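Q: Pick one residue with a ring in this model and give me a close look at its surroundings. Then work outwards into the rest of the fold, and explain your cut-offs as you go.

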Amino acid sequence: MPDILYIINPKGHGGAGLKAWDTFRISWGEPIDPSNVIMTERAGHAEEIAAAENDYEIIAAVGGDGTVGEVISGMMKRAGARPKLAIIPCGTGNDIARAAGIFSIADSVKALRNKKEHAFDLIQVDGHVDGQAERRFAFIFGNTGFSGIPMIKPWMKRLLGATGAYYLATLKQILVYRAPHMTVRVDDQEFTGNTYLVVAGNAEWASGGSMRIAPGALPDDGLLNI
């Protein structure tokens, strides 16, 4: 088997990362070198680990969409050859894993065993944070304007699950959000005015499979749905 670096978020979704890791190790059935396993310690740590130069052929993200997204952005920051990404899902929604065809830990084990590979599109997002230029990458969608995500709190996911948490956060945001003025250019078209939301979608479903963000979008067709 190829060398695999496992990046685990031990705190996400009520400690689900550690539970998923134990399940994966049992299903894997072979010893895993402890030096190939790193536990994240803070937000952004998975990105830092994935961006570091090493000789691993595969980086496996053990976590939810936040952890997987950090690993993707870190891998894309590498100057040279990039490793492949594997996902061991254990988040609330697992949207990235779903879009990639990974619905369970058993699917992860099967994909790694069979060396199943697939190329997917990514969304490059350039912006500024605290006055500093920043580049990140998204798998499912990139958006500007309205979003319920800033309103989501950990207790919502614990009590309501993925779907309930996203709906409650969206409702709270609707009550306070005001549409800003935007200019949006897509190919040879331009739209300007107060704009509630712009989405660049790479996959049809999001928010734990509960919201159809970009109808008809495919994650591997070389196109984004705007």
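A: Tyr 196 is partly exposed, with 37% relative accessibility; buried here means under 20% relative accessible area, exposed means over 50%, and partly exposed is in between, using a 1.4 Å probe and protein chains only. Keep in mind that this is a predicted model, where local features need pLDDT of at least 70 and side-chain atom pairs count only at pLDDT 80 or more, while totals for chains, interfaces and linings use all residues. Residues are numbered from 1 along each chain as its sequence is written, and side-chain values use heavy atoms, leaving out hydrogens and water.

Now for the rings. Searching the whole structure turns up eight aromatic pairs; rings of Phe, Tyr and Trp (its six-membered ring) pair if their centres lie within 6.5 Å, with planes under 30 degrees apart called stacked, over 60 edge-to-face and the rest tilted. One pair is Phe 120 with Phe 139, a tilted one at 5.4 Å centre to centre and 50° between the planes. Phe 120 sits in the loop between α5 and β5, and Phe 139 in the loop between β6 and β7 (141-145), so this pair ties together parts 19 residues apart in sequence. Helices (H or I, at least four residues) and strands (E, at least two) are DSSP runs numbered from the N terminus. Phe 120 is partly exposed at 27% relative accessible area, whereas Phe 139 is buried at 7%.

Back to our tyrosine. Tyr 196 and Tyr 177 have ring centres 5.3 Å apart and planes at 85°, so they make an edge-to-face pair. Tyr 177 comes from the loop between α6 and β8, while Tyr 196 is in the loop between β9 and β10 (197-201), so this pair too links parts that are 19 residues apart in sequence. Tyr 177 is buried, at 16% relative accessible area.

Elsewhere, Tyr 6, Trp 21, Phe 24 and Trp 28 come together as one aromatic cluster.

Next, helix α6. A straight helix of 23 residues would span 33 Å at 1.5 Å a residue, but α6 (residues 154-176) spans only 20 Å between its end C-alpha atoms; the expected span is 1.5 Å times one less than the number of residues. There is also a bend of about 125° at Gly 161 in α6, where a bend is the angle between axes fitted to the seven residues ending there and the seven starting there. The buried residues of α6 include Met 156, Ala 162 and Tyr 166, and the buried set packs against β12 (211-212). Gln 173 also belongs to α6 and is buried, with a relative accessible area of 10%. Setting aside neighbours within four places in sequence, Gln 173 is in contact with Phe 146, Ser 147, Gly 148, Pro 150 and Met 151; contact means heavy atoms within 4.5 Å.

What about the loop just before β9? Asp 187 is in the loop between β8 (181-186) and β9 (189-194), has a positive phi near 55° although it isn't a glycine, and counts as exposed at 77% relative accessibility. Asp 130 has a phi near 55° as well; this residue is exposed at 76% relative accessible area. Asp 130 is in the turn of the hairpin that β5 and β6 form with two residues between them. Those strands run antiparallel and are joined by seven bridges, with His 128 opposite Ala 133 in β6; two strands pair if DSSP finds at least two bridges between them.

Finally, there's an open sheet of four strands in the order β2-β1-β3-β4, paired in parallel. Its edge strands are β2 (37-39) and β4 (84-89), each pairing on one side only, and the twist averages 20° from one strand to the next. Angles run from 0 to 180 degrees between N-to-C directions, and axes are lines fitted to C-alpha atoms, for helices over the stretch in contact. β3 (residues 58-63) pairs with β4 over six bridges, and Val 62 stands opposite Ile 88. Helix α3 (residues 65-76) lies across β1 (4-8), β3 and β4, running at about 155° to β3. Helix α5 (residues 105-113) packs on the sheet too, touching β1, β3 and β4, with its direction at about 155° to that of β4.
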